[in-house]
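Visitor: I am new to this structure. Please pick one part, look at it closely and walk me through it step by step.

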Amino acid sequence: MARIELRDAVITIKDGLAGAATVNDATAPVATDTTLAIDSVSLNAAITNQVPIGARFTIAGETASAAVHKVTARTPTSGSTTEITFTPALGAGTYADGGMLTFAPQEVEIKVGDGDVTYTENNEYTYDLDRGDLDTVREGDQAPMDVSFDIIYEHITTGTGESISPMDALKRKGSASEWVSAATDKCEPYAVDIEVRHTPPCGTSQTEITIFPDFRSESREVSFSDSKISIKGRCNAVEPIVSRTA
């Protein structure tokens, strides 16, 4: 079992949203715009041409740093989306009719405090005998990875104007009802990706990013007195995806 101390780490729950759309304005967008007419919407959501509320996107031509926008409303409210309202407003840039919008996973960062993330990689082996003596070993069936983590309890569900609560994100309810499953097969039960970013507080050690893909929470234990939520589940993967970065 691997155990990660989270005093200097951030957990992010991400959905599987991906895709693109193009600007469809009579005149090119300009800085400070908070609405865009769009067409050619192609997403991997249940309704491929409907932009989810909360969807995050970047737009071609924008030069402002860290320019990621979040959809707050759409027109029409159902069916093919033809216009979106978003925040923050467009920053400096050179925009054009037909410019590309690229959508990224919806996500929520959560407080962990003194909690931990633990995961277990499971390997199965078959030990064959030869007249009662150990002889050879064969690899058995793949087994899903077990993952558990503790987070600070603040709210179970999301209130007006608040960031999406972890419980809503894990169960695709409330303000996260339009989140897109992170599973490759969208007919499978809803899943999310869990990312743990550990940045050492001192020294020259690289940041380590651990992604637990295709995670489904199977139990959620809430303690009001301890202000803690304990999440347990499994991934449709045998091991996490781990990388290091400067």
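Guide: A word on naming comes before anything else. Strands here are DSSP runs of E, at least two residues long, and they are numbered from the N terminus. Helices are runs of H or I with at least four residues. Keep in mind that this is a predicted model.

A quick look at the whole chain sets the scene. It has 17 strands and one helix. Its C-alpha atoms fill a box of roughly 80 × 40 × 40 Å along the principal axes. Of the 246 residues, 38% are buried. Among contacts with a separation of 6 or more, 62% link residues 24 or more positions apart. The chain exposes about 13500 Å², and carbon and sulfur atoms supply 47% of that area. There are 20 positive and 37 negative charges, and their mean positions lie 4 Å apart.

Now to the part I have picked, a barrel. Six strands close into it, in the order β3-β4-β7-β6-β5-β8, with antiparallel pairing. From one strand to the next, the twist averages 45°.

Start at β6, which covers residues 69-75. On one side it meets β5, residues 56-59. The two pair in the antiparallel sense over two bridges. One pair to look for is arginine 56 with its bridge partner in β6, lysine 70.

β6 also pairs with β7, residues 83-87. Five bridges join these two strands, again antiparallel. Here valine 71 has phenylalanine 86 of β7 as its bridge partner.

Next, find β3 and β8. β3 spans residues 19-23 and β8 spans residues 100-104. Four bridges hold this antiparallel pair together in the DSSP sense. Glycine 19 is one residue to pick out, and its bridge partner in β8 is phenylalanine 103.

The loops deserve a stop too. Which residue follows threonine 75 across a cis peptide bond? It is proline 76, and omega for that bond is near -10°. Proline 76 sits in the loop between β6 and β7. Where does β7 lead? The loop between β7 and β8 holds proline 88. The peptide bond from threonine 87 to proline 88 is cis as well, with omega near -10°.

One more strand of the barrel has a detail worth checking. β4 runs over residues 35-43, and serine 40 lies in it. Serine 40 is not a glycine, yet its phi is positive, at about 55°. Is serine 40 buried or exposed? Serine 40 counts as exposed because its relative accessibility is 54%, and the cut-off for exposed is over 50%.

For comparison, step along the chain to arginine 131. This residue lies in the loop between β11 (125-130) and β12 (133-139). Arginine 131 also has a positive phi of about 55° without being a glycine. Its relative accessible area is 83%, so arginine 131 is exposed.

To retrace the route, go back to the barrel and its order, β3-β4-β7-β6-β5-β8. Look at β6 with β5 on one pairing and β7 on another. Then find the pairing of β3 with β8. Last, stop at proline 76 between β6 and β7, and at proline 88 between β7 and β8.

Key:
Residues are numbered from 1 along each chain as its sequence is written. This is a predicted model: local features need pLDDT of at least 70, side-chain atom pairs count only at pLDDT 80 or more; totals for chains, interfaces and linings use all residues. Side-chain values use heavy atoms; hydrogens and water are left out. Buried means under 20% relative accessible area, exposed over 50%, partly exposed in between (1.4 Å probe, protein chains only). Contact means heavy atoms within 4.5 Å. Accessible areas come from the Shrake-Rupley method with a 1.4 Å probe; for residues, only the protein chains shown count as cover. Lys and Arg count as positive and Asp and Glu as negative; His and the chain ends are not counted. The place of a charge is taken as NZ of Lys, CZ of Arg, CG of Asp or CD of Glu. Two strands pair if DSSP finds at least two bridges between them. Axes are lines fitted to C-alpha atoms, for helices over the stretch in contact, and angles run from 0 to 180 degrees between N-to-C directions.
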